[in-house]
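Here is a short tour for anyone who likes to read a fold residue by residue. Have the sequence and the coordinates open as we go.

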Amino acid sequence: MSNQTAVGNRTINPESLPKPSGYAHGILAGNTVFLGGQTALDKDMKIVPGGILEQFRQAFSNVLATLTEAGGRPEDLVSVTIYLTDVDDYMANGREIGKLWREMAGTEYPAMAGIGVSRLWQKEALIEIQGIAVIPER
């Protein structure tokens, strides 16, 4: 679902994601998509059970759902920021996370940053992913 804003930008809120309140899952401005931070929330507004691998899969799936709704593809990602409550846990699972990335988005990697934080909005969340994509004319 999307809506046009007063300045011509389009909000992107996929039906497959929890209905946002006070934020947008994404904003399409021209051919640039600003992807709001996604934790591992499922459709029922619950953080998926399991550790960092399951939460990475869900959070990144949420990001990709918004990107797809905007008309983009994983290879259109130009920047991704990953916020982590346990950097050591993420690093210890780096190979598996890399494998998940390749399964979900292929072998092209955007500019990336990983940032350790003390806590995320949902206290059960271990990870939050946000990004920027540029959709070329196809």
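Glu75 is partly exposed in this predicted model, with a relative accessible area of 43%. Its salt-bridge partner is Arg73, and the closest N and O atoms of the two side chains are 3.9 Å apart. Arg73 counts as partly exposed as well, at 40% relative accessibility. How many salt bridges does a search of the whole structure find? The count is 1. In general terms, side chains of opposite charge can pair when their charged atoms come close. For this pair, the distance of 3.9 Å is within the 4 Å cut-off, so Glu75 and Arg73 qualify as a salt bridge.

**Aromatic rings**

The rings offer another set of side-chain pairs: there are 3 aromatic pairs. One of them joins Phe60 and Trp101, whose ring centres are 4.4 Å apart, with 20 degrees between the planes. Why is this pair called stacked? The planes are under 30 degrees apart, and that is why it carries the label.

Phe60 belongs to helix H1 (residues 52–69) and Trp101 to helix H3 (residues 94–105), so their pairing ties together parts that are 41 residues apart in sequence. Phe60 is buried, at a relative accessible area of 0%, and Trp101 is buried too, at 3%. Ring pairs also build a cluster, made up of Phe56, Phe60, Trp101 and Tyr109.

**Strands around E5**

Now to the strands. Strand E5 (residues 77–84) is joined to strand E7 (residues 127–134) by 7 bridges, and the two run antiparallel. Within that pairing, Leu77 stands opposite Ala133 in E7. E5 also pairs with strand E6 (residues 111–116), this time in parallel, through 6 bridges. Here Leu84 is the residue that stands opposite Gly116 in E6.

Strand E7 deserves a closer look, starting with Ile127, which is located there. Is Ile127 buried or exposed? Ile127 is buried, with a relative accessible area of 0%. Setting aside residues up to four places away in sequence, Ile127 touches a list of residues that includes Gln38, Thr39, Ile52, Phe56, Ile82, Leu84, Tyr90 and Leu120. Phe56, one of these contacts, is also a member of the aromatic cluster. The C-alpha atoms of Ile127 and Val87 are separated by 9.6 Å, although the two residues are 40 residues apart along the chain.

Ile132 lies in E7 too, but this residue is partly exposed, at 30% relative accessible area. Beyond its neighbours within four places in sequence, Ile132 is in contact with Thr32, Val33, Phe34 and Leu35, and with Asp76, Leu77, Val78 and Ser79. From Ile132 to Thr81 the C-alpha distance is 9.0 Å, and the two are 51 residues apart in sequence.

**From E4 to the loops**

Thr32 sits in strand E4 and counts as buried, at 18% relative accessibility. Apart from neighbours within four places in sequence, its contacts are Ile27, Ile132, Ala133 and Val134.

The loop between strand E4 (32–38) and H1 holds Met45. What stands out about the phi angle of Met45? It is near 65 degrees, a positive value in a residue other than glycine. Met45 is partly exposed, with a relative accessible area of 47%.

Another loop, between E6 and E7, contains Gln122. Gln122 is buried, at 17% relative accessible area, and it touches Thr39, Leu41 and Ile47, not counting residues up to four places away in sequence.

The table gathers some accessibility values.

| Residue | Relative accessible area | Class |
|---|---|---|
| Ile127 | 0% | buried |
| Gln122 | 17% | buried |
| Thr32 | 18% | buried |
| Ile132 | 30% | partly exposed |
| Met45 | 47% | partly exposed |

**The largest pocket**

Finally, a look at the open space. The largest pocket holds about 290 Å³ of space. Of the 14 residues lining it, Tyr23, Gly37, Leu41, Gln122 and Glu128 are the closest to its centre. Which element gives the largest share of the lining? That is E4, with 3 residues. Gln122 is thus a familiar name at this site: it is among the residues closest to the pocket centre, and Leu41, also in that group, is one of its contacts.

Methods. Residues are numbered from 1 along each chain as its sequence is written. This is a predicted model: local features need pLDDT of at least 70, side-chain atom pairs count only at pLDDT 80 or more; totals for chains, interfaces and linings use all residues. Side-chain values use heavy atoms; hydrogens and water are left out. Buried means under 20% relative accessible area, exposed over 50%, partly exposed in between (1.4 Å probe, protein chains only). Rings of Phe, Tyr and Trp (its six-membered ring) pair if their centres lie within 6.5 Å; planes under 30 degrees apart count as stacked, over 60 as edge-to-face and the rest as tilted. Helices (H or I, at least four residues) and strands (E, at least two) are DSSP runs, numbered from the N terminus. Two strands pair if DSSP finds at least two bridges between them. Contact means heavy atoms within 4.5 Å. On a 1 Å grid over the protein atoms alone, a cavity is a set of points where a 1.4 Å probe fits but cannot get out, and a pocket is an open set with protein on both sides within 12 Å along at least five of seven lines; lining residues have an atom within 4 Å of a point. Grid points are joined across faces, edges and corners, and a volume is the space filled by probe spheres set on the points.
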